[in-house]
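Please open the model in a viewer and keep the sequence panel visible. The tour below proceeds by selection, with a short account of what is found at each stop.

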Amino acid sequence: MKLGAQISYYKAWRGRKHAYTLIRGSPEHSFHVLPSYFHMLEKLNPETVTRVEVDGESRFKYLFLAFGVAIRGFRYMRKVVGIDGTFLKGQYRGVLLVPTAQDGNGQCYPLAWGIVDSKNEYAWTWFLIQLKEFIGDTDELALISDRAPSIKKAISTVFEKAHHGACAWHVAQNIKNKFKCAYIMGSYWSAVNAYRCEDFTGYMIEISNRYPRVAEYLENEVGFEKWSQCHYPGLRYNITTTNMVESLNRMLVNARDFPYVALLDVIQEKMSKWWNDRRIVLRPRFAQSNDRHTLQLNPVTYHVKGAHHAQVSVYSLVSPYYTKEYYVLAYGETIYPVRSQSQWDVPNEVVARIVLPREVKDKKRGRPKTSRFPSVGEFRKRKNHCGKCSAYGHYKKKCNSQTGSTEGNPPADVPM
């Protein structure tokens, strides 16, 4: 309309689709070049691990990618890994799986990326087997996830020594949805973060006195050892949720409908930028106030006063994961991008490998849904729309507009 052209909606949609194909490539072409793309990633980034799993008809099933930089840097991370997945919105759908650690500065440290067909036990098991190759399986390792049966079964199958913990936020959402008692959340979160068993017991008595069924649910169905700091058999530091993974999922919200190779390009670009930026900016992990230092230690927060008078170095009490030396070593290398396809140098046996698109079953008619479904216990506020002035944020009865003309523009996140 702005250019004076009258075209149908379908023609505009086809033009938009063609433009996206020119920029990002087609989904079918993405599957075809996937082995060559992974070969170039491995060539430019030493020790990078890539896997592509196909079925008997050479149709795509799963992929796995772990940059060599992240593999080598994991030794300088706290051994707590959050694991979750998010649904992709492209033509061939799928689920993006992300295991993430945190550096000593509380920033996300993505370890690997995977794309599978769905969040089922077989897909999780395959992915975790690849992940286990470089993060290992030790008593020091803690894995945090939601309580979905598929991932619980896969973790117990693949990891024999590592400790599995439940995401405290997901447990809280289940409590609110199942028992309708949001007012108990303050005591619940105090119990989650309590390091001393005496404090934990006090908070649980508060919950039990008000909501006995909630206390029974937390103790018998979930298990204290899965969500509370003081009863957890391993060491999860101050990481009680999978929010670090949710942050990565949110970062990729606009790229989840891209073809797979274009999506991986976005991931590589984001990680490369993070590594470069964090090499430059180093923020201290402790806050100083007069002669008192509050330090995040292993496993609790201690207040050290008069350390100089006692001839004790404050830094000697800090876990090495919070030191500047570990931080620099974790981000000391660069992640290199894959150049345009015309500059690839790929052996013929890699080019000849066939990867066909997966079969998409039960495809629904009409425009596919792009916004995610709310999680259990999560509610979305509905944006009010005025029928008089067409603005957002109020109803018609509350409208102060004197005319019926359209005033204001809807927010960017409100579909037209």
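**Starting at helix 1**

Select residues 9-24, which form helix 1: its 16 residues reach 22 Å from the first C-alpha to the last, close to the 22 Å expected at 1.5 Å a residue. Then add G25, which comes just after helix 1 and takes a positive phi of about 85°. Please bear in mind throughout that this is a predicted model.

**The whole chain**

Now display the full protein chain, coloured by secondary structure; it holds 14 helices and 11 strands. Of its 416 residues, 44% count as buried. If a surface representation is switched on, the accessible surface of the protein chain comes to about 23700 Å², and carbon and sulfur atoms contribute 51% of this area. Among contacts in the chain with a separation of 6 or more, 63% are between residues 24 or more positions apart.

**Strand 3 and its partners**

Hide the surface and select residues 80-87, that is, strand 3. Seven of the eight residues in strand 3 are buried, so the strand is largely enclosed by the rest of the structure. Which strands pair with strand 3, and in which sense? Strand 7 pairs with strand 3 in the parallel sense, over three bridges; here V81 stands opposite L143 of strand 7. Strand 4 (residues 95-102) pairs with strand 3 in the antiparallel sense, over six bridges. To view one position of this second pairing, select G85 together with L97, its bridge partner in strand 4.

**A142 in strand 7**

Move next to residues 142-145, which make up strand 7, and pick out A142. Is A142 buried or exposed? At 1% relative accessibility, A142 counts as buried, because the cut-off for that class is under 20%. Apart from its neighbours within four places in sequence, A142 is in contact with K79, V80, V81, H163, Y232 and L235. A distance label drawn from the C-alpha of A142 to that of G234 should read 6.6 Å, although the two residues are 92 residues apart in sequence.

**Aromatic pairs**

Show the aromatic side chains as sticks. How many aromatic pairs does a search of the whole structure find? The search finds 22. Begin with Y37 and F38: their ring centres are 6.2 Å apart and their planes stand at 45°, so this pair is tilted. Both Y37 and F38 are buried.

Next, select Y109 and W275. The centres of these two rings are 4.8 Å apart and the planes are at 45°, so this pair, too, is tilted. The pair links distant parts of the chain, with Y109 in strand 5 (residues 108-110) and W275 in helix 12 (residues 260-280), 166 residues apart. Y109 is buried, with a relative accessible area of 0%, and W275 is likewise buried, also at 0%.

Then select Y188, W189, F200, F224 and W227 together; ring pairs link these residues into a cluster.

**Charged groups over rings**

Two further selections complete the tour. With R78 and Y237 displayed, R78 is seen to lie over the face of Y237, at 5.6 Å from the ring centre. With K79 and F74 displayed, K79 lies over the face of F74, at 5.1 Å from the ring centre. K79 has already appeared on this tour, as one of the residues in contact with A142.

Note on methods: Residues numbered from 1 in each chain as written. Predicted model: local features only at pLDDT ≥ 70, side-chain atom pairs only at ≥ 80, totals over all residues. Heavy atoms only, no water. Phe/Tyr/Trp six-rings, centres within 6.5 Å; stacked < 30°, edge-to-face > 60°. Buried < 20%, exposed > 50% of the residue type's maximum accessible area, 1.4 Å probe, protein only. Helix = DSSP H or I, 4+ residues; strand = E, 2+ residues; numbered from the N terminus. Lys NZ or Arg CZ within 6 Å of the ring centre and 35° of its normal. Contact = heavy atoms within 4.5 Å. Areas by Shrake-Rupley, 256 points an atom, 1.4 Å probe, with all protein chains shown as cover. Expected span 1.5 Å × (residues − 1). Pairing = 2+ DSSP bridges.
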